[in-house]
Amino acid sequence: MTDLEIKINDFLDDVLIYKTIDTYKYYKSHLSTSGKFFSSLSDITLKRIKQYVIYLKENGCCNKTINKKISCLKYMCSSLKIKNSELLEFPKLREDKKNPHYLSIEELKRLQNHLMSDNVS
């Protein structure tokens, strides 16, 4: 077990004790890939963080998910008082804004007519 995996387990133990089970699952989920990707705490350099982001993108993660994974790693380091300026200074990735899709007036009328008809059971 690497020093990073040990720190992740220590952090998760604290989360399990002081936070909710859902918070624990959230951190465990996001930190699991970090523990597998980085070989040690000293491996978390700017170059390796960029490689990690590329790895996550190549495996289908969107920027929002990557930001969550990096944020969890940052929070873990700050909670355990681990100094890593390269990690802490890594900026958030730009997240795509998804505009909600609204039904048109015509679609709303068709829906209303369908709901008001006798065909609805």
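Hi everyone, let me start with helix 3: the face turned away from its buried side carries the exposed residues Lys47 and Glu58. Before I go on, please keep in mind that this is a predicted model.

So what sits on the buried side? The buried residues of helix 3 are Ile49, Tyr52, Val53 and Leu56. They cover an arc of only 100 degrees around the axis, and that puts them on the same side of helix 3. There is a familiar pattern behind this: an α-helix has 3.6 residues a turn, so residues three or four places apart point the same way. As for what covers these buried residues of helix 3, the list includes helix 2, helix 4 and helix 5.

For those of you who like a geometry check, helix 3 passes one. With 13 residues at 1.5 Å a residue, helix 3 should span 18 Å, and its end C-alpha atoms are indeed 18 Å apart, in agreement. Just after helix 3 comes Gly60, with a positive phi near 90 degrees.

Now let's move along to helix 4, residues 63-79. The same kind of check works here: 17 residues at 1.5 Å a residue should span 24 Å, and the end C-alpha atoms of helix 4 are 24 Å apart, which agrees.

Which residues of helix 4 are buried? They are Ile66, Asn67, Lys69, Ile70, Cys72, Leu73, Lys74, Met76 and Cys77. You'll notice that Lys69 and Lys74 are in that list. As for partners, the buried residues of helix 4 pack against helix 1 (3-18), helix 2 (21-37), helix 3 (46-58) and helix 5 (85-88).

Let me zoom in on two residues of helix 4. One is Cys77. At 1% relative accessibility, Cys77 counts as buried, the cut-off being under 20%. Leaving aside residues up to four places away in sequence, Cys77 touches Ile82 and Leu87. Cys77 and Leu87 are 10 residues apart in sequence, with their C-alpha atoms 8.9 Å apart in space.

The other is Ser79, also in helix 4. Ser79 has 32% relative accessibility, so it counts as partly exposed. Between the C-alpha atoms of Ser79 and Leu4 there are 14 Å, and along the chain these two are 75 residues apart.

What follows helix 4? That would be Lys81, and its phi is positive, near 60 degrees. Lys81 has this positive phi although it is not a glycine. For context, most residues other than glycine have a negative phi. Lys81 lies in the loop between helix 4 and helix 5. Is Lys81 buried or exposed? Lys81 is exposed, with a relative accessible area of 66%.

Last stop, the largest pocket. About 160 Å³ of space lies in it. Its lining consists of Cys62, Asn63, Lys64, Glu95, Asp96 and Lys98. How does that lining of the largest pocket split by class? There is one nonpolar residue, one polar residue and four charged residues. Since helix 4 covers residues 63-79, the lining residues Asn63 and Lys64 bring us back to that helix.

That's my tour, and I'm happy to pull up any of these spots on the screen. Thanks, everyone!

Notes:
Residues are numbered from 1 along each chain as its sequence is written. This is a predicted model: local features need pLDDT of at least 70, side-chain atom pairs count only at pLDDT 80 or more; totals for chains, interfaces and linings use all residues. Side-chain values use heavy atoms; hydrogens and water are left out. On a 1 Å grid over the protein atoms alone, a cavity is a set of points where a 1.4 Å probe fits but cannot get out, and a pocket is an open set with protein on both sides within 12 Å along at least five of seven lines; lining residues have an atom within 4 Å of a point. Grid points are joined across faces, edges and corners, and a volume is the space filled by probe spheres set on the points. Ala, Val, Leu, Ile, Met, Phe, Trp, Tyr, Cys and Pro count as nonpolar, Asp, Glu, Lys and Arg as charged, and the others, Gly among them, as polar. Helices (H or I, at least four residues) and strands (E, at least two) are DSSP runs, numbered from the N terminus. The expected span of a helix is 1.5 Å times one less than its number of residues. Buried means under 20% relative accessible area, exposed over 50%, partly exposed in between (1.4 Å probe, protein chains only). Contact means heavy atoms within 4.5 Å. The arc is that of the directions from the helix axis to the C-beta atoms.
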